[in-house]
Structure formats: C-alpha cells, structure tokens
Amino acid sequence: MKNNKQLITINKLNNNGLTLIELILCFLIVSVIVISLLNTVMNYKNKEQIEDLRSNIISYKNQVTRIIETDFIKNDISSYKLVSTSGKAGESSTEIWDITFQFNKQFCGGIYQKNMKIVRGNKENYIMYPDIFERGGTCYNQNVKYDLLSTTNVLDVDVNDATTASGDKVEYSDIRFAYVYLKAYGNIFTLDIPIYHSDFGTNYHIRIISPLNYLQSAKS
Amino acid sequence: MKKLRNNNKAFALVETLIGALFVVAVFMVLFENYYPIVGKYERYENYDDLESKYIVHYLRQMIEADPNKSSIINKIGSTGYYLFGATVQDGDITTTATPNELCTLLSLQGSFNNKQYCQNFIDEAKITKIFLSDYNTTTFKNDVKKHTLVSGSEEISRAFELYVDYMPTFKNSASSKSGYRRLIIEIKHENNDSSKEGTDYYTYANIEVF
C-alpha cells in the first residue's frame, strides 16, 4: 500500500523543467556569444557612419565639380582672375577667395562672367557660385550656396593660427576645406580644394582642371 | 508500477550545440563571400569617377579638334589598340616614353597650339597612361589580361589590369559604332597625407572617341 502511494507520487512528478546546472551552462554559452559579437556589431555601426559620411562628401564634391565643369565646357572658359583673398581661417574667422571666370559664350541675359566665392574656416566652409538659367522667356541669375555641412564639432590642433601654442586645440567642424589651390599652368586652369576629415585625411578633392580658351583657339 | 513517461519534446544540450555550430558555419561562409564584394566596391571608387571623366573628355576634345586626328586614330592599325608612350626595350636599355607622345602628334597651326595644350594638360592632370583602342575592346582586354601587350614591353600594374577587366567589352554595340574608338587613361594622384607616404593611388576612365 505504502509502495503504491510512493509510485503514484512519483508518477505525479514531471520532467518539464531545466536543472540549475543546465540553466547556468546555457546562460554562460549565450554570454560568450553575445560578448564576442558585441565588438563586431559596434565596428559595423562605426563603419556605417563612416560610409554615410564618405557618401555625403563624394556627393558634395561631385555636385560642385559638375556645376562648374558644365559651365567651363558649354560656355568655353577663356580666363580667370583671382579678385581677392581676405581673412584667415580660424576659430571665429574665415578665409574668403573671390574668383571671376570669363567665358567666350554668353549665358542668358548677355552675361559673360561668373563670380565664385570660396569661404574656408574652422566652422564655416562653403562655395557660392551663380546659377544663370532661362525659364519661360525670363533670365534668372541667382547665387547658390554649396555648404559643406558638418555633422559635429571636434577639437583639433589649430593649424591655421601661428599664435597659439603648439598642440593647443580649438573647435573645428569635422569636415572642412583644407586649403584652396588655384593656378594657371600655361593655358591650363587648375582649382584644387581638398576636403579634410580625420577619417579620410584629404583623400577627397574638388579638383577642376580645364584648358583655357580652347574652343575659341581651335576655331581660329 | 506505472512506467515513468518520458518527455521527448525538448532538445538535449548536445543537439543545441550542434545546431549552433551549424548556424555559425553558415554565417562564416556568408562572411567569406561578403568581404571580397566590399573590397570590389572600394576599388570601384577609383573607376570612372567624375574628375577622371572630365579629364578624359578634354583629352578626347584635343584629339577630335585636331586636323591630324585621322593619323592619330590610324596608330591603332591591325593590333586593335595603341599605347602612347610605350616602354622601348633595346637590349639592356629600357626607355620609358611618356604619354606626351600623343601631344607630339597633334598640330600647331597659327595661334592654335594644340601640342602645347596637350602637353600642359597631361602634366597638370598627371596622366600616366593613354591607350587608344578599337571600340570593341576584346583584343585589348585579352592582351592586358595575358600581359602580352603589343606596344613594347610595357609593365601592366595589377590595378590597371583590374580596371580593364572591369570595363565592358562594348562588343554588342560595336557593329553600330563603326569608325568609333575608345580612349582609356590612367591618372596618378599623389597622397599628400604625410602619415601615408608612398600611398599614391591611380584613377581610371574611358570614353568613346568619334
């Protein structure tokens, strides 16, 4: 009788649970997998941000290059003039380049020249270039600002200010124009504006190389 | 005595581990195929980028605007392609010409000095190789792949070989493009970042020449 009662009690017990050791072991295995993957996931997150930034820089430089080169090719650039450079790129100051381009073929409205402005500073970096177009028989001439947008401000050694002590850090936008390089080598015009970012250095440039007065010379 | 009923619904620990190992193996195979694709994408950044396309456009313009255009085009001959400025091997002496050979073929007529334009442009743009090929680039691509270029004993860099391999052959459209050619250039970019000295890189572009 007593044995029957014990057997019935045993029958009522079930094996649905996990033992403590099995639970701890599973927890340990899952922890090891998660910790090993954490580093990988963080790396991919960083990589995604960097790729996003790279894509924005490339889009920006391509947009500016295309707009200027289109004018140079369609309207046959004949000459350029560096009207002025002023200021110094610094924490609260900007360096401004004023350049005038002269063309052999007119834009609508009888315009033969365009003025370009390049502004370079710790935080402000942009290019102003006019867009002249015709719509509905009317000529429009508007200055368009191509802003090199920064995503964050970072601290970096001030390379522009000789008065600060070596190693002093000031606030910069994370993406900025490194310098402006402008020259005519014989009859070839070159404009080179490297875009600097700490992850890419100056790998990306707005670089425009164009023969001056080519179509006009070829016709003569 | 009643038999104990066994519950067979769950996984044993060993089965779980084997299953996990299998999933890890599948992911490893996927990742091994993923990284070469990422590498290819990073390489393609230097192929036919906008700046190089404009440079090759201007070079094409110089050829097409020149009265000597047909003699330049005829350089291709029966080989199917021509390298301007091939390396010439004369016994032990190797002479490397520059792509400026193209400029020597252009003309100087009155105030229009196409030679000078070309010379200055190649120097400023740092063009290191200029090939002119038939529109159908099959022969050119095969010779580059086998390192058996007809024009001298020119060394083909791995980077250039990869670009030529990436280029389409254009053979499907070749029949409708009689009289057309293909201009292929290599441009050198000096890395001004002092922390990465010696890591100059090259970009490539090609364009059809009428």
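**Exercise 1. Lay out chain A of this predicted model: how many helices and strands does the secondary structure come to, and which pattern do they follow?**

Step 1. Count the elements. Chain A has three helices and eleven strands.

Step 2. Read along the sequence. The pattern is α-α-β-β-β-β-β-β-β-β-β-β-β-α.

Step 3. Add burial. Of the 220 residues in chain A, 35% are buried.

Step 4. Turn to the contacts between residues at least 6 apart in sequence. In chain A, 46% of them join residues at least 24 apart.

**Exercise 2. Place A:S78: in which strand does it lie, and is it buried or exposed?**

Step 1. Find the element. A:S78 belongs to strand β1 of chain A, residues 77-86.

Step 2. Check its accessibility. The value for A:S78 is 18%. Buried means under 20%, so A:S78 counts as buried.

Step 3. List what A:S78 touches, leaving out residues up to four places away in sequence. The partners are A:Q102, A:F103, A:N104, A:L212 and A:N213.

**Exercise 3. Classify the aromatic pair of A:Y60 and A:F177: what is the angle between the planes, and which parts of chain A does the pair tie together?**

Step 1. Start with the whole structure. Over all chains there are 32 aromatic pairs.

Step 2. Take the geometry of A:Y60 and A:F177. Their ring centres are 6.4 Å apart, and their planes stand at 35 degrees. Planes under 30 degrees apart count as stacked and over 60 as edge-to-face; the rest are tilted. The pair is therefore tilted.

Step 3. Locate both residues. A:Y60 is in helix α2 of chain A, residues 20-74. A:F177 is in strand β8 of chain A, residues 176-177. The pair so ties together parts that are 117 residues apart in sequence.

Step 4. Check burial. A:Y60 is buried at 8% relative accessibility. A:F177 is buried too, at 2%.

**Exercise 4. Do the same for A:F101 and A:F189: which kind of aromatic pair do they form, and where do they lie?**

Step 1. Read the geometry. The centres are 5.6 Å apart, with 85 degrees between the planes. That pair is edge-to-face.

Step 2. Locate the residues. A:F101 sits in strand β2 of chain A, residues 94-107, and A:F189 in strand β10 of chain A, residues 188-197. The parts tied together are 88 residues apart in sequence.

Step 3. Check burial. A:F101 has a relative accessible area of 0% and is buried. A:F189 is also buried, at 0%.

**Exercise 5. Describe chain B: how many helices and strands does it have, and which residues form one aromatic cluster?**

Step 1. Count the elements. Chain B has eight helices and eight strands.

Step 2. Add burial. Buried residues account for 40% of the 210 residues in chain B.

Step 3. Turn to the contacts with a separation of 6 or more. In chain B, 71% come from residues 24 or more positions apart.

Step 4. Name the cluster. One aromatic cluster joins B:Y44, B:Y47, B:Y81, B:F131, B:F140, B:F160, B:Y163, B:Y166 and B:Y204.

**Exercise 6. Analyse helices α2 and α5 of chain B: at roughly what angle do their axes cross, and which residues meet?**

Step 1. Take the axes. Those of α2(B), residues 50-64, and α5(B), residues 114-125, come within 10 Å and cross at roughly 165 degrees.

Step 2. Name the arrangement. Angles over 145 count as roughly antiparallel, so α2(B) is roughly antiparallel to α5(B). The crossing is left-handed.

Step 3. List the residues. From α2(B) come B:I55, B:Y58, B:L59 and B:M62. They meet B:N114, B:Y117, B:C118, B:F121, B:I122 and B:A125 in α5(B).

Step 4. Sort the contact residues of α2(B) with α5(B). Nine are nonpolar, one is polar and none is charged.

Definitions and conventions
Residues are numbered from 1 along each chain as its sequence is written. Chains are lettered from A and ligands numbered from 1 in the order in which they are written. This is a predicted model: local features need pLDDT of at least 70, side-chain atom pairs count only at pLDDT 80 or more; totals for chains, interfaces and linings use all residues. Side-chain values use heavy atoms; hydrogens and water are left out. Axes are lines fitted to C-alpha atoms, for helices over the stretch in contact, and angles run from 0 to 180 degrees between N-to-C directions. Helices (H or I, at least four residues) and strands (E, at least two) are DSSP runs, numbered from the N terminus. Angles under 35 degrees count as roughly parallel, over 145 as roughly antiparallel, 65 to 115 as roughly perpendicular and the rest as oblique. A crossing is left-handed if the near helix is turned anticlockwise from the far one by less than a right angle, and right-handed if clockwise. Contact means heavy atoms within 4.5 Å. Ala, Val, Leu, Ile, Met, Phe, Trp, Tyr, Cys and Pro count as nonpolar, Asp, Glu, Lys and Arg as charged, and the others, Gly among them, as polar. Rings of Phe, Tyr and Trp (its six-membered ring) pair if their centres lie within 6.5 Å; planes under 30 degrees apart count as stacked, over 60 as edge-to-face and the rest as tilted. Buried means under 20% relative accessible area, exposed over 50%, partly exposed in between (1.4 Å probe, protein chains only).
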